[in-house]
Amino acid sequence: MPAHADWLDIPDERLTIEKRSDGGIVVRVQSAGPEASRLPDAVFSFRCGDPQYSYWLSRLDAHTRSR
């Protein structure tokens, strides 16, 4: 992975992160840009053991604590 990953630049207001009852994490990224040419939102899921699981879990925990 490159030293600077683009997914680190995603603003919090464009993200929705939730933890499912089975422990999986669902990350929704709201698309940006002009409405006429905007792509659909992106949805990713991660399970324990996936390389990015701990990152998204920590980001979810940080968001939950900041409320």
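**View 1. Arg59, tucked away but still paired.** Arg59 counts as buried in this predicted model, because its relative accessibility is 14%, under the 20% cut-off. Its partner in a salt bridge is Asp12, with N and O 2.5 Å apart. This pair ties together distant parts of the chain: Arg59 belongs to helix α1 (residues 53–66), Asp12 lies in the segment before β1, and 47 residues separate them. Is Asp12 buried or exposed? Asp12 is exposed, at a relative accessible area of 56%.

**View 2. Three charged residues in one network.** Salt bridges link Arg20, Asp22 and Arg47 in a network. Asp22 pairs with Arg20, and their closest N and O atoms are 3.2 Å apart. Asp22 also pairs with Arg47, where the closest N and O atoms are 3.6 Å apart. That second pair links distant parts of the chain, from Asp22 in the loop between β1 and β2 to Arg47 in the loop between β3 and α1, 25 residues apart. As for exposure, Arg20 is partly exposed at 31% relative accessible area, Asp22 is partly exposed at 44%, and Arg47 is partly exposed at 48%. In total, the structure holds four salt bridges.

**View 3. Strand β2 and its cover.** Which part of the structure encloses β2 (residues 25–29)? The rest of the structure largely does, since four of the five residues of β2 are buried. Across the chain, 22% of the 67 residues count as buried.

**View 4. The β1–β2 hairpin.** Strand β1 (residues 15–19) runs antiparallel to β2, and the two pair over five bridges. To find your way around, look for Glu18, which sits opposite Val26 of β2. Five residues lie between the strands of this hairpin, and Gly23 takes a positive phi near 95 degrees.

**View 5. β2 meets β3.** β2 also pairs with strand β3 (residues 42–46), again in the antiparallel sense and over five bridges. A handy landmark here is Val29, which stands opposite Ala42 of β3. In a regular strand, side chains alternate between the two faces of the sheet.

**View 6. Stepping back to the whole chain.** One helix and three strands make up the list of elements, and along the sequence they come in the pattern β-β-β-α. Of the contacts with a separation of 6 or more, 35% are between residues 24 or more positions apart. The chain has an accessible surface of about 5100 Å², and carbon and sulfur atoms account for 53% of that surface.

Terms used: Residues numbered from 1 in each chain as written. Predicted model: local features only at pLDDT ≥ 70, side-chain atom pairs only at ≥ 80, totals over all residues. Heavy atoms only, no water. Buried < 20%, exposed > 50% of the residue type's maximum accessible area, 1.4 Å probe, protein only. Contact = heavy atoms within 4.5 Å. Areas by Shrake-Rupley, 256 points an atom, 1.4 Å probe, with all protein chains shown as cover. Pairing = 2+ DSSP bridges. Salt bridge = Lys/Arg side-chain N within 4 Å of Asp/Glu carboxyl O.
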